[in-house]
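User: Please take a close look at one part of this structure, the aromatic pairs. Then set them in the context of the rest of the chain.

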Amino acid sequence: TLKRPKSLALYEKRPVIGRITTTTNDTRHRRKGSFVWFKAKDAQDVRGGDSVFSGEKSNLSIGFKDGSAVSVGENSLVVFNEYDNKMMPDLQLGNFNFKVNGTANVMIDGQMTTVQGKNSEIQVVLRKGAKPVVKLLKGTAQIETPEEASKPLVINQVAKIKLKDDSFIPPKNVILTDYKKE
């Protein structure tokens, strides 16, 4: 009988954090510690340390156990890393849409970001050499980043945001543009 490679057995012991729900065209998946990219498949598990890539004219979607989901647009890369003892997507390059109903943690260009939303959809665009841009596409959301972070997030509001009072001052690393107070 054939024995399973030790590296595969170790890989399968890592917890599943999500599942690829749809793939279109050139989508790839890489296991933690591997140098080889394989074609991503619908219903494929995603584990901590894995990476997914979507090439030109391609996209893929991943659903997470907490009910949140991320759509990975063309020419985009996500690595699933551990930060502060939590496994989360690290959006590294490209165009991403994610849905939040509650609280979701995500790394944006290496910066820990907490998003709280009610039936919200958020777009994140990361281009090499440019500041990350975050857009609220649907619902309401609150986005928090550590105050000591060095890279600002630009939040272009295409929907209204709720402010508790007139004294709202965004953290130094967050730039709000085109927002309307409700």
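Analyst: Start with Trp37. In this predicted model, Trp37 is partly exposed, at 29% relative accessibility. The residue sits in the loop between β2 (27–30) and β3 (38–39). Its ring partner is Phe53, in strand β5. Phe53 is partly exposed too, with a relative accessibility of 22%. The cut-off for buried is under 20%, so Phe53 does not qualify at 22%.

Now the geometry. The ring centres of Trp37 and Phe53 lie 6.3 Å apart. Their planes meet at 65 degrees, so the pair counts as edge-to-face. The pair ties together parts of the chain that are 16 residues apart in sequence.

The structure holds two aromatic pairs. The other joins Phe64 and Phe80. Here the centres are 6.0 Å apart, with 55 degrees between the planes, and the arrangement is tilted. Phe64 belongs to strand β6 and Phe80 to strand β8, and 16 residues separate them. Phe64 counts as buried because its relative accessibility is 15%. Phe80 is buried as well, at 0%.

Next, the nonpolar core. The largest one has 26 residues. Ile62, Leu91, Phe98 and Val124 have the most contacts inside it. Several strands supply at least two residues each, among them β6 (59–64), β8 (76–83) and β10 (111–126). The largest share comes from β9, with seven residues.

Leu91 shows how this core is wired. Beyond its neighbours within four places in sequence, Leu91 touches Leu77 and Val78. Its contacts also include Phe96, Phe98, Val106, Met107 and Ile108. Val124 and Leu126 are on the list too, and so is Asp109.

Then the charged pairs. A search of the whole structure finds two salt bridges. One joins Arg19 to Asp45, with the closest N and O atoms 2.6 Å apart. Arg19 lies in β1 and Asp45 in β4 (residues 45–47), so this bridge ties together parts 26 residues apart in sequence. Both ends are partly exposed: Arg19 at 41%, Asp45 at 23%.

The other salt bridge links Arg28 and Asp26, at 2.8 Å from N to O. Arg28 is partly exposed, with a relative accessible area of 31%. Asp26 is partly exposed at 30%.

Asp26 leads on to Ser58. The backbone nitrogen of Asp26 lies 2.8 Å from a polar atom of the Ser58 side chain. The backbone oxygen of Glu56 also approaches a polar atom of that side chain, at 2.9 Å. Ser58 lies in the loop between β5 (51–54) and β6. Despite that loop position, Ser58 counts as buried, at 2% relative accessibility. Leaving aside neighbours within four places in sequence, Ser58 is in contact with Thr24, Asn25, Asp26 and Thr27, and also with Val72, Gly73 and Glu74.

Finally, the whole chain. The secondary structure comes to one helix and 13 strands. Along the sequence, the helix precedes the strands. Buried residues make up 38% of the 182 residues. Of the contacts with a separation of 6 or more, 39% join residues 24 or more positions apart. The chain exposes about 11,000 Å², and carbon and sulfur atoms supply 51% of that area.

Note on methods
Residues numbered from 1 in each chain as written. Predicted model: local features only at pLDDT ≥ 70, side-chain atom pairs only at ≥ 80, totals over all residues. Heavy atoms only, no water. Core = buried A, V, L, I, M, F, W, Y, C linked by side-chain atoms within 4.5 Å. Buried < 20%, exposed > 50% of the residue type's maximum accessible area, 1.4 Å probe, protein only. Helix = DSSP H or I, 4+ residues; strand = E, 2+ residues; numbered from the N terminus. Contact = heavy atoms within 4.5 Å. Areas by Shrake-Rupley, 256 points an atom, 1.4 Å probe, with all protein chains shown as cover. Polar contact = N/O pair within 3.5 Å; in protein donor to acceptor, adjacent residues only side chain to side chain. Salt bridge = Lys/Arg side-chain N within 4 Å of Asp/Glu carboxyl O. Phe/Tyr/Trp six-rings, centres within 6.5 Å; stacked < 30°, edge-to-face > 60°.
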